[in-house]
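Let's take a walk through a protein together, one step at a time. Have a look at the picture below and keep it at hand as you read.

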Amino acid sequence: MAIRRNSKGVTAMRCMLNVSSVLAWVIKPLFFPFFAYLCLFTCTYLHVMHVTYKLTTLGIVFVYTLLLPQLGIWVVRKAKGWSVARLAQRESRFLPYIITTLCYSVCYYTMYRMHFPRCISGIIMSCLVCMVLCAIINIRWKISTHVASCGLMVGGLLSLSFIFNFNPVYWLCGFIFLSGMLGTARMIVRQHTVMEIGWGFVIGVMCGIAGILFI
């Protein structure tokens, strides 16, 4: 009986590890800027904007905040022969941070040159500030960028609700719940501690507010 219980416990633990690994792999920090613009064009009065303008914005965001960073990180990983596990180590995260920061900077500059409204380009500024802070903190401490990205969405939604006067409660509940899921998953796979996850969320919320309302 004891052997059977131990076997069930081991099976359950493996299942939790597999689910946590898949969740962290599927929901990556680079996806969140694109999600943010989807929220902007569906939750606020900007949904009345012309479809061409919205598709152009989404295309720019997709290329500079998702496609190019992913491609750059993949090239670096292949060139150095790093595994996915090696890339998750604190010492190996500096190059991905640099690549992502450069891509976000070019995205913001592109929006600036195309005279995008501040409420739209401010989302990229928030992401850029969050990424720079995470890179600086990573020099000494491995902070969770997954949870920081969720916190960024929460802070960004609060800021946009203040600007556009809409109620984002359902989106907020969704991203707070997602933060808990991702934080738990990162602890299960032993990538982060509770402190690293908690501070990641706090930094994300602060950057989401500051980048849109004050910078």
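Here we follow a helix pair, then some aromatic rings, and finally the nonpolar cores. Bear in mind that this is a predicted model.

Start with two helices, α7 (residues 145-164) and α9 (residues 194-213). They pack at an angle of about 30°, and their axes are 6 Å apart. Their crossing is right-handed. Many residues make this contact: on the α7 side they include Val147, Gly151, Gly155 and Gly156, while α9 brings, among others, Gly200, Phe201, Gly204 and Gly208. What kinds of residue are found in the contact of α7 with α9? There are 15 nonpolar and seven polar residues, and no charged ones.

Now turn to the aromatic rings. A pair of aromatic rings is described by the distance of the centres and the angle of the planes. The model has six aromatic pairs. One of them joins tyrosine 53 and phenylalanine 116, with 5.6 Å from centre to centre and 35° between the planes, and it counts as tilted. Tyrosine 53 belongs to helix α3 (residues 51-80), whereas phenylalanine 116 sits in the loop between α5 (94-113) and α6 (118-138), so this pair ties together parts that are 63 residues apart in sequence. Are the two partners buried or exposed? Tyrosine 53 has a relative accessible area of 29%, so it is partly exposed. Phenylalanine 116 has 10% relative accessibility, so this ring counts as buried.

Another pair, tryptophan 171 with phenylalanine 175, is stacked, with 6.2 Å centre to centre and 20° between the planes. Both residues lie in helix α8 (residues 169-188), four residues apart, which is about one turn of the helix. Tryptophan 171 is partly exposed at 35% relative accessibility, but phenylalanine 175 is buried at 7%. Ring pairs also link these two with Phe31, Phe32 and Phe35 into a cluster.

Phenylalanine 175 leads us on to the last stop. The largest nonpolar core has 30 residues, and Phe175, Tyr37 and Leu40 are the ones that touch the most other members. Helices α2 (32-43), α3, α5, α6, α7, α8 and α9 each give two or more residues to this core. To see how Tyr37 is surrounded, find some of the residues that tyrosine 37 touches, including Leu58, Val61, Met111, Ile120 and Ile124. Apart from the largest core lies another one, of 20 residues, with Leu30, Cys130, Cys134 and Cys207 among them. Cys207 takes us back to where we began, as one of the α9 residues in the contact with α7.

Terms used. Residues are numbered from 1 along each chain as its sequence is written. This is a predicted model: local features need pLDDT of at least 70, side-chain atom pairs count only at pLDDT 80 or more; totals for chains, interfaces and linings use all residues. Side-chain values use heavy atoms; hydrogens and water are left out. Axes are lines fitted to C-alpha atoms, for helices over the stretch in contact, and angles run from 0 to 180 degrees between N-to-C directions. A crossing is left-handed if the near helix is turned anticlockwise from the far one by less than a right angle, and right-handed if clockwise. Contact means heavy atoms within 4.5 Å. Ala, Val, Leu, Ile, Met, Phe, Trp, Tyr, Cys and Pro count as nonpolar, Asp, Glu, Lys and Arg as charged, and the others, Gly among them, as polar. Rings of Phe, Tyr and Trp (its six-membered ring) pair if their centres lie within 6.5 Å; planes under 30 degrees apart count as stacked, over 60 as edge-to-face and the rest as tilted. Buried means under 20% relative accessible area, exposed over 50%, partly exposed in between (1.4 Å probe, protein chains only). A nonpolar core is a set of buried Ala, Val, Leu, Ile, Met, Phe, Trp, Tyr and Cys residues joined through side-chain atoms within 4.5 Å. Lists of a residue's contacts leave out its neighbours within four places in sequence.
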